[in-house]
Amino acid sequence: MKINVTKVFLHILLAAFAIVQVYPLIFLLFFSLKDNNEIYSGNVMGVPHKLHWENYHNALFNANVGHYLVNSIFVTAVVIVVSGILACMVSYAIARMRVRGNNIVKTFFSIGLMIPLHAVLLPVFIMLRNLKMLDTYQAIIVPYIAFALPMAIFFMIGFFQTLPLELEESAFLDGCGIFRTFFTIILPLVKPALATISIFTFLSTWNEMMFAITFINSEKYRTLTVGIMQMVGQYTTDWGSMGAGLVVATLPTVIIYLLFSNQVQSGMVAGAVKG
Amino acid sequence: MQRILGNKKAYLVFVLPAFIIYVVMAFVPIMISGYYSVMEWDGIGDKVYTGISNYLELVKDEAFLLSARNSLILAVASIVGQLIPALFFALVLARNVKGEKVYRTIYFIPVLLSTVVIGQLFLKIYNPDYGALNAIIKCFGGKGADWLGDKRFVLAASFFPIIWQYIGYHMLILYTGIKSVPSEIYEAAQIDGATETQMAVHVTIPLIKNTMKVSLTFAVIGSLKLFDLIWVLTKGGPLHASEVPSTLMYTSIFTRMEYGMGSAMAVFIVVECLLFYFVIEKFFKVEAITY
């Protein structure tokens with residue numbers, strides 16, 4: 001009997017914590033569908049009385065969140081693909097090839113795991129300004145790639161070390177060159193690791209704020225993080241449209257999470273343990 | 001085989017593209033930050049070499065000292081507020097509770113959200129007139145407060161979301177650590193008549209010290225680097241009450257155009273993070289456990 005009491009108590013605690021973790025999101029979803037009258041007349045937290053879908057129309061088209069969403073998808077996709085391929089190439093070379101200086105290259109990239117973005121913000125800003133590259137897609141894409149690399153490389157090296165050498169050996173014996181072997185035999189094999197690393201890169205790129213608000217200014221290139229920061233001033237009093245914008249910014253992440261929750265979780269833990 | 005894998009040209013083709021991007025965007029800028037930090041420079045005129053005077057000014061600057069103190073408070077608050085509940089829930093969930101996967105999935109959701117979204121959301125929750133928090137307090141007959149505008153509350157109010165957001169992350173890290181302990185160890189303890197609590201204290205926790213160290217490092221270094229959330233919520237105000245080193249660095253550079261001072265703060269943050277990293281490594285030296 002005593003055990004049951006503890007069990008019930010534990011479950012209440014687990015459920016209560018689950019509510020604490022998701023309630024703010026539900027609160028967001030609710031107020032994204034309300035109009036100001038409802039909020040100001042006292043229904044801040046509850047279920048909306050009437051669903052104001054026009055908030056979403058307003059956020060997507062009048063406040064341009066739709067455009068920011070497209071920008072974010074574009075920037076994130078380029079960063080994932082480029083950093084993924086580059087990291088594969090580097091980690092293959094580091095894990096497999098026997099060239100002098102290999103260890104130095106490895107250590108060099110591993111230092112990157114310790115560099116916080118703050119430390120390079122001003123120099124990169126000045127560099128971009130001198131190159132007239134501020135306020136372009138490249139202004140954030142290139143630094144994002146650079147900072148995605150160390151983590152991706154470390155994860156991939158670990159993965160390559162678990163792959164048996166035999167496949168490559170037989171390919172080489174058949175006269176297949178190293179590049180062809182890499183692209184036709186190795187790359188298909190590393191897909192699972194690449195998926196994990198892509199999720200990690202996706203989250204850090206999609207949510208990055210410091211570089212984005214500093215290097216991007218004009219409407220045309222704003223990603224969601226910058227766009228929403230700018231939207232705040234204009235829409236401080238329009239809770240519904242602001243909320244709708246926040247929901248749009250969050251939806252892609254939540255969808256990816258619900259589809260691949262196991263991969264996302266293991267990817268994030270791998271990131272922590274390596275980092 | 002040896003000839004192919006020892007091919008220097010092929011090695012360069014594989015390594016060089018990433019190497020160049022990384023050197024130009026990450027490695028060289030760090031050096032440049034160090035160089036700027038010993039200059040007096042407004043970004044437009046000439047740089048004047050001033051040696052370590054920026055750093056000397058830094059340790060006398062009240063706003064900066066306050067910001068450093070705040071980030072240390074956050075580090076302690078994170079250890080207490082994140083790691084303890086995270087460890088508790090990880091221990092409970094790892095013991096095959098009903099709904100284990102559902103809880104794990106839910107607890108992790110806040111980790112995925114962008115800080116901008118979380119910040120905006122909490123701005124609405126803390127809103128003095130129509131916010132959810134004051135609505136709850138008024139329900140119970142209280143008066144509510146201007147959480148982010150009041151010097152007495154702003155620190156707690158702006159640290160709460162960050163602590164809340166990452167509990168799930170630490171929980172998952174610790175959970176994964178606990179799951180890697182072989183079940184035979186628990187079976188043996190059970191045969192010896194150990195209760196669940198005894199097993200947690202005497203078996204699990206000593207075995208996952210390494211994972212706990214990872215969590216601890218993350219909580220501390222994450223606190224020292226914090227920027228996004230404070231920037232969205234308060235930009236360090238009111239009157240520096242919620243300032244952290246990185247927000248002060250940002251305003252020094254981009255509002256006050258003190259490039260030299262700002263860079264000195266950037267260098268300070270990096271050195272502080274490295275220092276704490278090595279301190280944690282040293283004080284919590286754990287031998288690798290093999291089963």
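A salt bridge here is a side-chain nitrogen of Lys or Arg within 4 Å of a carboxyl oxygen of Asp or Glu. Keep that cut-off handy for the exercises below, and remember that you're working with a predicted model.

**Exercise 1. Salt bridges**

Find out how many salt bridges the structure holds over all chains, then check three pairs and say how buried or exposed their partners are.

*Solution.* Start with the total: there are seven over all chains.

Next, go to chain A. The closest N and O atoms of A:Glu168 and A:Arg96 are 3.0 Å apart, so the pair passes the 4 Å cut-off. This bridge ties together distant parts of the chain, with A:Glu168 in helix α8 and A:Arg96 in helix α4, 72 residues apart. Buried means under 20% relative accessible area. A:Glu168 is therefore buried at 1%, and A:Arg96 is buried too, at 7%.

Now try B:Arg152 and B:Asp150, whose side chains meet at 2.9 Å, N to O. B:Arg152 comes out exposed at 66% relative accessibility, while B:Asp150 counts as buried at 19%.

Last, take B:Arg256 and B:Glu258, which pair up at 3.7 Å between their closest N and O atoms. Both sit in the middle class: B:Arg256 is partly exposed at 41%, and B:Glu258 is partly exposed at 31%.

**Exercise 2. An unusual loop**

Look through the loop between α12 and α13 of chain B, where B:Pro238 is found, and pick out the backbone oddities.

*Solution.* First, recall what to expect: most residues other than glycine have a negative phi, and most peptide bonds are trans.

Step two is the peptide bonds. The one joining B:Gly237 and B:Pro238 is cis, with omega about -10°.

Step three is phi. B:Lys235, in this loop, has a positive phi near 55°, and the residue is partly exposed at 45% relative accessibility. B:Leu239 is in the loop as well; its phi is about 50°, positive although the residue isn't a glycine. At 71% relative accessibility, B:Leu239 counts as exposed.

**Exercise 3. The build of chain B**

Decide whether chain B is spread out or compact, using its radius of gyration.

*Solution.* Begin with the parts list: 14 helices and two strands. The radius of gyration is 24 Å, well over the 19 Å that the globule rule gives for 291 residues, so chain B is more spread out than a compact globule. Its C-alpha atoms fill a box of roughly 80 × 75 × 35 Å along the principal axes.

Then look at packing. Of the 291 residues, 52% count as buried.

Conventions: Residues are numbered from 1 along each chain as its sequence is written. Chains are lettered from A and ligands numbered from 1 in the order in which they are written. This is a predicted model: local features need pLDDT of at least 70, side-chain atom pairs count only at pLDDT 80 or more; totals for chains, interfaces and linings use all residues. Side-chain values use heavy atoms; hydrogens and water are left out. Helices (H or I, at least four residues) and strands (E, at least two) are DSSP runs, numbered from the N terminus. The radius of gyration is taken over C-alpha atoms; the globule rule is 2.2 Å times the number of residues to the power 0.38. Buried means under 20% relative accessible area, exposed over 50%, partly exposed in between (1.4 Å probe, protein chains only).
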